[in-house]
Amino acid sequence: VRKSASRLSQLIAADDNYVADLLQQIVLLHSDGARLLAKSGITSELLSFAHSYATEEKKYLASHMGVSGAASLKSPPVLNGHLSLLNVLLSSPLPSSDRTALAIDTMKIFKEYSRAGERLLQSYPAETELTTIFLETLYLTYSSLKKAAGSVLVENSPAHVDEPLLKLERSVLSLTYHLSAFPFPSELLPPLPIGLINVEKIHASQMKTVATTLSVVSTWWDKVSDSGAPLPTPPTGSSDAGVLQRYNAYNNRPGSTFSEGRYQHAIKSAKCLDVALMVLLSRVAFVAKRNTGTFSVDAVAVAKGLCRCSDASRAIEDRLASMKSHPEEDITTLLSSSIVNPNSQGDQTLLSQSLQLEKEYLVEVGSCLGQCAEKLISLALQDARRMSEYENDQEWAYFVGALTPALDHTQVESKGVGCLFDDTNTEASKLNAQALRQELEKMKANFLR
């Protein structure tokens, strides 16, 4: 097995599409596969390929500067396989020294792919699966180095930031802000709290040299196509979880209906957001080592995401509770508000199947958005605790001004976030929100003193 792993590893740099899959099987099926592969020089080969790609990419972009073809440059075809292999290796039980060495090499590989990664994240949802795998591997890299950071602070860890790493982190932040702000199409989202909107407006008005606009021109939803059977519009706020409103919208508002395809896009987006937040949470420890006296996240963006994810998850939880307690109400209302024949057994069966499908999609997207809301609170809390060591009244005021109306609006401190389906998880979200409120009060007291 050792010889086979070594020979296959050498083929990685030959741009072989099937080698990565074979190497993954060695890791997964052989009891000592991960250690054998880690010792075979596989990361050196992956790094060699990444460096070759980055060199060619740089030449191409230089020769096509200002040409539309540069903007459509695709990710290397083998990137999915290479990242999946690294993902499997980093997830495998390895001695701490081997895991650290693997994570250091993986960070070097990510830096080689910084331009490709930046394009990938900015082009969401063009390559949704690849984007998620990219983020998963980045998270595993950060978390592995985080465990070693106490005893081994190495040059290639995220504690030592350079331009390629900064580009990647900015792209992750940008994608996180966008996906959390638009878990559903903008026309379906409830209003944000006025206090949060005012903070954003004031902050924008204080920009002296940069022209800003608060209007949203387009979202990632504008890039997806509709497909599959029509389904009722999902609840996105506490006021639209009722059955009658939903099914009236389903039948009487052209363009506002949902579908299987749109639900699937919403679920993929929520899962991608969840992984992106895991990356940012693991990043906070490294930001602390950079001695940066500014927040590592934008408070308004985090507050918006918290409101959107919390509103939707709790509305979905209410909707699911209604479906469970009064299932006949759904069928009756849907029959009376639709054009199908209520006496047709076939039509009734079709409607019943649609309700079951809707329920399955709501459970999946709702639970994921609930987890995202919980992680957004944790991210804000960690960053607030880190910033308590610095005196920066302007930064504190912006952070407090954005997060306070978000906590007031979502009431997570008393209600928790929706769709966690576990009392322990709900209590944890409440405690984190309460801890965040305490940090906000401390900051407020400091900059008002």
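**Briefing: a pocket, salt bridges, cysteines and helix 8**

The second largest pocket encloses about 350 Å³ of space; a pocket is an open set of points on a 1 Å grid over the protein atoms alone, where a 1.4 Å probe fits, with protein on both sides within 12 Å along at least five of seven lines. Its volume is the space filled by probe spheres set on the points, which are joined across faces, edges and corners. This is a predicted model, in which local features need pLDDT of at least 70 and side-chain atom pairs count only at pLDDT 80 or more, while totals for chains, interfaces and linings use all residues. Residues are numbered from 1 along each chain as its sequence is written, and side-chain values use heavy atoms, with hydrogens and water left out.

**Second largest pocket**

- The lining comprises 17 residues, of which His-203, Gln-394, Glu-395, Ala-397 and Tyr-398 lie nearest the centre; lining residues have an atom within 4 Å of a point.
- Helix 11 (194–205) and helix 17 (393–410) each contribute at least two lining residues; helices are DSSP runs (H or I, at least four residues), numbered from the N terminus.
- By class, 7 nonpolar, 8 polar and 2 charged residues form the lining. Asp, Glu, Lys and Arg count as charged, and Ala, Val, Leu, Ile, Met, Phe, Trp, Tyr, Cys and Pro as nonpolar, with the others, Gly among them, as polar.

**Salt bridges**

- The count is 14 salt bridges, each a side-chain nitrogen of Lys or Arg within 4 Å of a carboxyl oxygen of Asp or Glu.
- Asp-162 and Lys-111 meet at 3.1 Å, N to O. Because Asp-162 lies in the loop between helix 9 and helix 10 and Lys-111 in helix 7, this salt bridge ties together parts 51 residues apart in sequence.
- Arg-283 and Glu-169 form a salt bridge at 3.0 Å, N to O. The pair links helix 13 (residues 260–289) with helix 10, 114 residues apart.
- Arg-283 is buried at 9% relative accessibility, and Glu-169 is buried at 4%; buried means under 20% relative accessible area, exposed over 50%, and partly exposed in between (1.4 Å probe, protein chains only).
- Glu-169, Arg-283 and Arg-290 are joined in a network of salt bridges.

**Cysteines**

- The structure holds 0 disulfides, a disulfide being a pair of cysteine sulfur atoms within 2.5 Å.
- For Cys-272, the nearest cysteine sulfur, that of Cys-372, is 9.6 Å away. Cys-272 is buried, at 0% relative accessible area.

**Helix 8**

- In helix 8 (residues 114–122), the buried residues include Ser-114, Arg-119 and Leu-120.
- The buried residues of helix 8 pack against helices 4, 7, 9 and 10, where contact means heavy atoms within 4.5 Å.
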